[in-house]
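I opened this notebook to record what I looked up in one protein structure. The entries follow the order in which I worked.

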Amino acid sequence: MFALKIIILITLIVPLNYDLCSCQCARAEYKIDKQCCPMCAPGNRVRWHCTDDTSTTCVPCPPLTFLDEPNGLMECFPCTVCDANRGLRLSEVCTRSSDAVCGPLERFYCIEKKKGSCTLAVRHSKCNPGQYIKQAGTGSTDTVCADCTGDTYSNGSFSSCLPHTKCEAMGLAETNPGTHSSDSECGNPPTAVAIIASSVIVTLILITVVSVLIFKHIRKKKLSKSSGKLYSVIFVV
Ligand SMILES: *[C@@H]1O[C@H](CO)[C@@H](O)[C@H](O)[C@H]1NC(C)=O
């Protein structure tokens, strides 16, 4: 039974192998017009295919083109252009034997890759007010945000949430309680002192004015009384 399986396998594989071998050239050769020609080295393309009595003629790839493998091609491939509109910048320049490698722009991260080169990158997310940057974005990962908790705040660009300012501890009054996105606001007690002082001054001025008026009124009364007396004295005389 086992021997039978082996025989079946051999009868299947051997003709297949033979077939592959008969239609393919050696490893460093390519097939053209039913004959095998030596390949050109990376960085070079074929100028003339080989003939019965000449080998392949190869020439270097022109600028901005490349071939990164041994080949039998008549044309080199154009170098990849790193497009800023796709969030990309050049990270490795193109050579005759290697394509350009693109990477994400500053503050971008790669979301599509092909053969070790980035093909599409997008901007890192921004954290919202009330969140802090738990993990800064990298070339391959987005920013990680987390919410502020307790008596802390962040405007979305802090790397941690900061504790609210304690107004009382600074001898100040809290004029606005803090939120998760803003600090508390403190007011100056001198403002309260100023209000009290100004009301005291206003009161003093009022008292002075009123007393002056009362004083004048009294004097007027006294004056008219005394002049009445004078008249009567003159009348008696
Ligand atoms: C957050 O605050 C920092 C420093 O106070 C400031 O530089 C930054 O522009 C602020 N960011 C936002 C999003 O308001």
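I first fixed the term contact: two residues are in contact if their C-beta atoms, placed from the backbone, lie within 7 Å. With that rule, I looked up the contacts in the protein with a separation of 6 or more, and residues 24 or more positions apart account for 31% of them.

I noted that this is a predicted model, in which local features need pLDDT of at least 70 and side-chain atom pairs count only at pLDDT 80 or more, while totals for chains, interfaces and linings use all residues. Residues are numbered from 1 along each chain as its sequence is written.

I then looked up the secondary structure and found two helices and 16 strands. Both are DSSP runs numbered from the N terminus (helices: H or I, at least four residues; strands: E, at least two).

Next I looked up burial. A residue is buried if 20 or more other C-beta atoms lie within 10 Å of its own, exposed if 12 or fewer, and partly exposed in between. Buried residues make up 14% of the 237 residues.

I turned to F66, which sits in strand β5 (residues 65-66). Why does F66 count as buried? F66 is buried because 22 other C-beta atoms lie within 10 Å. Its C-alpha atom is 5.8 Å from that of G43, 23 residues apart along the chain.

Last, I looked up the largest nonpolar core (buried Ala, Val, Leu, Ile, Met, Phe, Trp, Tyr and Cys residues joined through C-beta atoms within 7 Å). This core has eight residues, including C82, L88 and F108. Strand β9 (108-114) and strand β10 (117-123) each supply at least two of its residues. The largest share, three residues, comes from β9.
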